[in-house]
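Trainee: Got a minute to walk me through this one? I'd like to go feature by feature.

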Amino acid sequence: MDIDQLRAATAGCARVVHLNNAGSALPTTRTLDTVINHLRLEAAIGGYEAADRERPRLDAFYPSAARLIGARPDEIAFVENATRAWDMAFYSLRFGAGDRILTCRSEYSSNYIAYLQTARKAGCEIVVVPDDEHGQIDVAALANLIDSRAKLISINHVPTQGGQVQPADAVGKVANAAKIPYLLDACQSVGQLPVDVSAIGCDFLSVTGRKYLRGPRGTGFLYARRETTADIEPVMLDNHAARWTGANTYATMPGAVRFENWERYFAGALGLAAAIDQANELGIDAIWARIRLLADGLRARLADLPGVSLTDLGATKGGIVTFAMADIDHDELKTKLRARGVNVSVSTRFSSRLDLEARDLETVMRASVHVYNTETELDRLVAEIGLARRG
Ligand SMILES: *Cc1c(COP(=O)(O)O)cnc(C)c1O
């Protein structure tokens, strides 16, 4: 991987030390130009006409996304973000009184709110599978919780608040053996590490554009396994997800398109396709190796600083590095760093309550690396933390 070339192709690298890739990563100039050129084309010749002209590239989004995660193109739905992609799967499932949703402690807030709402409406139960000694979902405990009440296994692959990579494949084996639907929130993993839906065995997987994929904001997609989708009536349908076939009839479209809606951010979809193509070109194995190298380097640097405690869990740790500071407020540190051109973020209980509460953490600092970051930038972060602490 030619890091100088990667940085030259990413305008933001010249301006900021961007360590908020788990929030929204820097796009390449190629992705940015793709978005802007389409917006210009829409303004010049009309939105529908621009879409028709770019139809081959719009259609190419599906095989590109499918290739990245080992799916088939008709198993991909373009959706405006990971949460709505996840919602389209989750809210299309039916739960009754006494049914159980099995999830993990690191679960993301929006997903958990959906469980709570559904539990309230349907009388079903949320069961949080305990963590194992690595601080990741205990797969043996999950297997012990399988019974006739278990109707869904739903976890995240990589949480928003830490570097851990959940053992998604092992969870998939349990789900598939028990024939229980498996929904995987892969918002932080796709684009960061190799994700193969057939190896994982998930029925649904949700992805956002702006994080590790480096796509535009307001884009995402849902993977919906062909065999599962055939029997699922989406919670919402429009004239793209279904056809109005007679005055009193409609036919739901086959494939994942049934989870889409018609109107969309076309420039964004093209930008996301461009970003996915670049991930495929770089190679996800090389991306993952580079991200882990940088993240391990950052953890090593932070471990040497007094008053800093690393807070990442999991047997396998990726690009999201989190830590707690003894002597400076986390929000204050983030603000000071940003003023100096170093972007990090703070994860709060509003994004992951169960996990942070269980560990008695109010918030954690989050510095998330991507391929275009450098060792020099990691040194700079450490130096700036030192400056910020001194006043
Ligand atoms: C960011 C995030 C989401 C939500 O993604 P959106 O694109 O903002 O909807 C879901 N799950 C995890 C683990 C996340 O980090």
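Trainee: Let's start with D147. Buried, partly exposed or exposed?
Mentor: D147 is partly exposed, because its relative accessible area is 30%. Keep in mind that this is a predicted model.

Trainee: What does its side chain meet in a salt bridge?
Mentor: The side chain of R149, at 2.7 Å from N to O. R149 has a relative accessible area of 37%, so R149 is partly exposed.

Trainee: How many salt bridges does the structure hold?
Mentor: There are 25. One of them pairs E281 with R30, at 2.9 Å from N to O.

Trainee: Where do E281 and R30 lie?
Mentor: E281 is in helix α11, residues 266-282, and R30 is in helix α2. The two are 251 residues apart in sequence, so their salt bridge ties together distant stretches of the numbering. E281 is exposed at 54% relative accessible area. R30 is partly exposed at 39%.

Trainee: What about D355? Which side chain does it meet?
Mentor: D355 forms a salt bridge with R105, 3.5 Å from N to O. This pair also links distant parts of the chain, 250 residues apart. D355 sits in helix α14, residues 353-358. R105 sits in the loop between β3 (100-104) and α6.

Trainee: And D355, buried or exposed?
Mentor: D355 is buried, because its relative accessibility is 2% and the cut-off for buried is under 20%. R105 is partly exposed, at 23%.

Trainee: Which residues join into one network through shared salt-bridge partners?
Mentor: R105, D131, D355 and R359.

Trainee: Switching to the sheet. What is the strand order?
Mentor: It runs β2-β8-β7-β6-β5-β3-β4. That is an open sheet of seven strands with mixed pairing.

Trainee: Which strands stand at the edges?
Mentor: β2 (76-79) and β4 (125-129). Each has a single partner strand, so one side of each has no neighbour in the sheet. On average, neighbouring strands are turned by 20 degrees against each other, ignoring direction.

Trainee: How do β6 and β7 run, parallel or antiparallel?
Mentor: Parallel, with three bridges joining β6 (residues 182-185) to β7 (residues 204-208). L183, for instance, has F204 in β7 as its bridge partner.

Trainee: Which strands does helix α8 touch?
Mentor: β5 (150-156) and β6. Helix α8 covers residues 168-178 and packs on the sheet. The directions of α8 and β6 make an angle of about 165 degrees.

Trainee: And which strands does helix α4 lie across?
Mentor: β2, β7 and β8 (220-224). Helix α4 spans residues 55-69 and runs at about 115 degrees to β2.

Trainee: New topic: the surface. Which residues make the nonpolar patch of about 410 Å²?
Mentor: L237, W244 and Y250. W244 belongs to strand β9, residues 242-246. W244 counts as exposed because its relative accessible area is 74%.

Trainee: Where is N20?
Mentor: N20 is in the loop between β1 (17-18) and α2 (29-45). N20 counts as buried, with 16% relative accessibility.

Trainee: What is N20 in contact with, leaving aside neighbours within four places in sequence?
Mentor: A25, N343, V344, S345, R366 and S368.

Trainee: Last one. Where is K121?
Mentor: K121 is in helix α6, residues 109-122. K121 is exposed, at 68% relative accessible area. The C-alpha atoms of K121 and A97 are separated by 9.2 Å, with their positions 24 residues apart along the chain.

How values were computed: Residues are numbered from 1 along each chain as its sequence is written. This is a predicted model: local features need pLDDT of at least 70, side-chain atom pairs count only at pLDDT 80 or more; totals for chains, interfaces and linings use all residues. Side-chain values use heavy atoms; hydrogens and water are left out. Patches are made of residues with over 30% relative accessible area and no salt bridge: like charges are joined within 9 Å, nonpolar side chains (Val, Leu, Ile, Met, Phe, Trp, Tyr) within 5 Å. Accessible areas come from the Shrake-Rupley method with a 1.4 Å probe; for residues, only the protein chains shown count as cover. A salt bridge is a side-chain nitrogen of Lys or Arg within 4 Å of a carboxyl oxygen of Asp or Glu. Helices (H or I, at least four residues) and strands (E, at least two) are DSSP runs, numbered from the N terminus. Buried means under 20% relative accessible area, exposed over 50%, partly exposed in between (1.4 Å probe, protein chains only). Contact means heavy atoms within 4.5 Å. Two strands pair if DSSP finds at least two bridges between them. Axes are lines fitted to C-alpha atoms, for helices over the stretch in contact, and angles run from 0 to 180 degrees between N-to-C directions.
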